[in-house]
Amino acid sequence: MEEIIGLLFYARTVTHIEHLKTKSYAKHKALGKFYDGIIDLADNLAEAYQGDRGLLGPIPQYAKIPDYAIDVFLEKQMKTIEELRKQEDYRSAIQNIIDEIVALYLSTLYKLRNLS
């Protein structure tokens, strides 16, 4: 779970940076919605997990801004999160929050690829 939370925090930082530097209004709005939403979902996930299994261990920190397109970054992250979720047997409530996270990634990918 620590890895998933670390990835979500990383996604928030990267998308906020991309949000600030884009010249596309649609991309600006899509990324703004993503980085606003991902932190609330990360917080919900962490709190639900800790309510079920106890406190999280150390959360990995990532600093390197990727040198490829933001949609590719989000796609890779989403796939990693989906793989990580399969490695544990989480309660359905925790799986549901992860589903909401994946839905936010998918919605953002749609907007980035089709509306901007």
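# A walk around helix H2 and its neighbours

Start by selecting helix H2: what covers its buried residues includes H1, H3 and helix H4 (92-114). Here contact means heavy atoms within 4.5 Å, and buried means under 20% relative accessible area, with exposed over 50% and partly exposed in between (1.4 Å probe, protein chains only). Helices (H or I, at least four residues) and strands (E, at least two) are DSSP runs, numbered from the N terminus.

Before you click further, note that this is a predicted model, in which local features need pLDDT of at least 70 and side-chain atom pairs count only at pLDDT 80 or more, while totals for chains, interfaces and linings use all residues. Residues are numbered from 1 along each chain as its sequence is written, and side-chain values use heavy atoms, with hydrogens and water left out.

**Stop 1: H2**

Keep residues 25-53 selected. At 1.5 Å a residue, the 29 residues of H2 should span 42 Å, and the end C-alpha atoms of H2 are 42 Å apart, which agrees. The expected span is 1.5 Å times one less than the number of residues in the helix. Now colour the buried positions of H2: Ala30, Leu31, Gly32, Phe34, Tyr35, Ile38, Leu41, Ala42, Leu45, Ala46 and Tyr49. Walk off the end of H2 and you hit Gly54, whose phi is positive, near 95°.

**Stop 2: Leu56, in the loop**

Pick Leu56 next, in the loop between H2 and H3. Is Leu56 buried or exposed? Leu56 has a relative accessible area of 18%, so it counts as buried. Draw a distance from Leu56 to Met1: the two are 55 residues apart along the chain, yet their C-alpha atoms are separated by 7.6 Å. Not counting residues up to four places away in sequence, Leu56 touches Met1, Glu2 and Ile5, along with Ala46, Tyr49 and Gln50.

**Stop 3: H1**

Slide over to H1, residues 2-21. The 20 residues of H1 should span 28 Å at 1.5 Å a residue; the end C-alpha atoms of H1 are 29 Å apart, which agrees. Show the buried set of H1 as sticks: Ile4, Ile5, Gly6, Leu7, Leu8, Tyr10, Ala11, Val14, Thr15, Glu18 and His19. Those buried residues pack against H2, H3 and H4.

Zoom in on Glu18, which belongs to H1. With 11% relative accessibility, Glu18 counts as buried. Its side chain makes a polar contact with the side chain of Lys21 (3.2 Å). A polar contact is a pair of N or O atoms within 3.5 Å; within protein, one must be able to donate a hydrogen and the other to accept it, and residues adjacent in sequence count only if both atoms are side-chain atoms. Leaving aside neighbours within four places in sequence, Glu18 is in contact with Lys27, Leu31 and Ile70.

**Stop 4: H1 against H4**

Show H1 and H4 together. Their axes come within 13 Å and cross at roughly 30°. That makes H1 roughly parallel to H4. Axes are lines fitted to C-alpha atoms, for helices over the stretch in contact, and angles run from 0 to 180 degrees between N-to-C directions. Angles under 35 degrees count as roughly parallel, over 145 as roughly antiparallel, 65 to 115 as roughly perpendicular and the rest as oblique. For the residues that meet, select Ile4, Leu7, Leu8 and Ala11 in H1 with Ile98, Ile101 and Tyr105 in H4.

**Stop 5: H3 against H4**

Swap H1 for H3. The axes of H3 and H4 come within 10 Å and cross at roughly 160°. That makes H3 roughly antiparallel to H4. Residues making the contact include Leu74, Glu75, Met78 and Ile81 of H3, and Val102, Leu106, Leu109 and Arg113 of H4. H3 itself has 17 residues, which should span 24 Å at 1.5 Å a residue; its end C-alpha atoms are 25 Å apart, which agrees.

Now centre on Glu75 in H3 (residues 70-86). Which residues does Glu75 touch, not counting those up to four places away in sequence? The answer is Leu109 and Arg113. A polar contact of 3.0 Å joins the side chains of Glu75 and Arg113. For one more distance, try Glu75 to Leu55: 20 residues apart along the chain, with C-alpha atoms separated by 29 Å.

**Last stop: Thr108**

Finish in helix H4, at Thr108. At 2% relative accessibility, Thr108 counts as buried. Not counting residues up to four places away in sequence, Thr108 touches Ala30, Phe34 and Leu74.
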